Amino acid sequence: MLKIEDLHAEVDGKPILKGINLEIEAGQVHAVMGPNGSGKSTLAYVLAGRDGYEVTKGRVFYKGKDLLEMPPEVRAAEGVFLGFQYPVAIPGVSNIYFLKAALNAIRKHRGEEPLDAIDFMKLSKEKAALVQLSDELTKRSVNDGFSGGEKKRNEIFQMAVLEPSLAVLDETDSGLDIDALRVVAEGVNSLRGPERAMLVITHYQRLLDYIVPDVVHVLIDGQIVRTGGKDLAKQLEQEGYTEVQDALQP
Amino acid sequence: MTDATPQTLLGSLPTSFDAGPEWLRALRGRAAEALREQGLPTKKTEAWRFTPVRSVVDAEFSQEDGGVPSLVSLVPDGVTARSLRQVLKAQPELLEGRLDLGGAPTHFAALNTALFTDGLWIDVPAGVAIQEPIELVHAISTSPEPGVVYPRVLVTLGDHAELTLVETYASGDARQLTNSVVEVALDRNAKMSHVRVHENAGLQVGRVDVRQDTDSGYRSTVVTLGGALLRFDVRCLLQGKGAECQLDGAYLVEGEDHVDHHTRVEHQASHCRSEQTYRGIAAGKATAVFDGIVVVHRDAQKTEAHQENRNLLLSEMATVHTKPHLEIDADDVICSHGATVGSLDEDQLFYLRARGIPKDLAHSILTYAFLESVVDRVDHEPTRQRMREALLARIPHGDDIRGIT
């Protein structure tokens, strides 16, 4: 599904990613854990194609295609989804209109007919229920006046409607209390499937109690320093990133 | 009827005024005298610094007769809408002191005062609250010869009266000058919502002057879509305790348009509140100007005044001048003001694109949403809908983003 080879990237001329190698198969959930400033969000933005995140070396293949060649909207249309750490508010643009426009842009890219208003409403009602997003919130302006938890639930709601093949979830747990975390995690889990891969980026192990990964990577200073099973997350929680880092020093 | 010989605006001023009641002749005489002394504004006139009026001041126009806007809605029961010319002939005393713009008119307002031949007086008596809006259309001459009209409207609301007025300055070409004056007088507790639309309005110099008594409320929503040269001034005098005004505006200019919006709110009494939100988009080689001032007089304690102007620049050749300012002589007040000029928000753009929306469509969505928030305040559903459509027609991919809000 996703193959990252020796990926280097910089922001404002400052190297952030320093040679990432990562391969995710369809059906797998990988977690990337790391301390602040390790390059977690940069990795997410590079995969989604944000301007200003310059890839200086390496390649990324998504379903065998060169992902880095594609503008962000083509990546989305090809099935890549980024769940934002800080979803931006867009006053004046209704959440539901925006999502319908996004879904139909993606369908158009795939050569499918646009979904009409009635079918879309049906779909969106069903998916909103998944993350307990109220009707009122779906109709408001995008993320405008949403609480932290509502924003994150809105991200997962969008993911549920857009049904991506690869979901990159950037610190979906940040700013959530335990109840909201559970709701969001359940939403994510319900979207797990043999055709879908997920890259869950997080600082804390807590999220991984709810979204249990197949593989855990530890990202420190722009490099993946360890890779293991789900127990690696627990070990990190107990030992802390510093120990892991120190253990790696020659 | 058209005055046969084209003249410059100042050249068309008569040396004496012989018609109408004595107070009107005196008023017109003072206006003409002020004009002869001060002339029309130039680039050196501070309040006209960014308005390229020279082409208008130097040009010759024939004065078109009339200036009476067309009433395109029924006049509801209890309201009167009369020709100024007829009232000035039959009962001039009713208008004495009502047409002087609160003092000595200057510049283009003085020109209108000296030269208007007719107009409309809408009066809503005390206690009459009108739900259905009154709609006026100021049609512009289609004559190929340069012409000028001086529309004049007077709106008076008695105690507790309520009115929604919708004015449209319709399409016209850049040879036709409309120099309009609308005066509004709101008695105690009167409430007025004033929607004003300028659509490709040729040469426009417009002035709205509002005098507000105790606890009255005035809401102005101005939508300007294009304009060869448009200068719009709205002034609210908050003269009675507890009066409130809300001045909102949206403008979109492209090509070589120049539109210029000026607001002036004078807090003359205590406990008054004013709020202003103007938003504009400049594309192509167009220029947009916003100049807003809030003056808080010494006795106007407990004033609350807010003013905001935000602009989007969509091209490197477009220009925006913005100058919100405050003059405060009272000490117990809450005031704020701010202005921004920028391009589309990168975070918002990326968010839309990351969900699959193509870049150019994302641009259009954000451009539309930026102005829609003001258009949404238009207090008249058919006009609001018409403005949304007009906005969509001017934005690339407008058809694809219908229903966005």
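Nine bridges tie strand 13 (residues 217–225) of chain B to strand 15 of chain B, and the two run parallel. Bear in mind that this is a predicted model, where local features need pLDDT of at least 70, side-chain atom pairs count only at pLDDT 80 or more, and totals for chains, interfaces and linings use all residues. Residues are numbered from 1 along each chain as its sequence is written, while chains are lettered from A and ligands numbered from 1 in the order in which they are written.

A word on terms: helices (H or I, at least four residues) and strands (E, at least two) are DSSP runs numbered from the N terminus, and two strands pair if DSSP finds at least two bridges between them.

Strand 15 (residues 244–253) of chain B also pairs with strand 17 of chain B, and eight of the 10 residues of strand 15 are buried. Buried here means 20 or more other C-beta atoms within 10 Å of a residue's own, exposed means 12 or fewer, and partly exposed is in between, with C-beta atoms placed from the backbone. Here are three strand pairings side by side.

| Strands | Sense and bridges | A facing pair |
|---|---|---|
| 13 and 15, chain B | parallel, nine bridges | B:Val222 and B:Gly249 |
| 15 and 17 (residues 273–282), chain B | parallel, 10 bridges | B:Asp248 and B:Thr277 |
| 4 (residues 53–62) and 5, chain A | antiparallel, two bridges | A:Phe61 and A:Asp66 |

That last pairing belongs to an open sheet of four strands in chain A, with order 2-1-4-5 and antiparallel pairing. Strand 2 (14–24) and strand 5 (65–66) of chain A each have a single partner strand, so one side of each lacks a neighbour in the sheet.

Back in chain B, helix 1 (residues 22–38) has 17 residues and reaches 24 Å from first C-alpha to last, close to the 24 Å expected at 1.5 Å a residue (that is, 1.5 Å times one less than the number of residues). B:Leu27, B:Arg28, B:Ala31, B:Ala32 and B:Leu35 are its buried residues. They span an arc of only 130° around the axis, which puts them on the same side of the helix; the arc is taken from the directions from the axis to the C-beta atoms. On the other side, B:Glu22, B:Ala26, B:Arg36 and B:Glu37 are exposed. The buried residues pack against helix 4 (107–115) of chain B.

Finally, 21 residues of chain A are in contact with 19 residues of chain B, contact being C-beta atoms, placed from the backbone, within 7 Å.

Conventions. Two residues are in contact if their C-beta atoms, placed from the backbone, lie within 7 Å.
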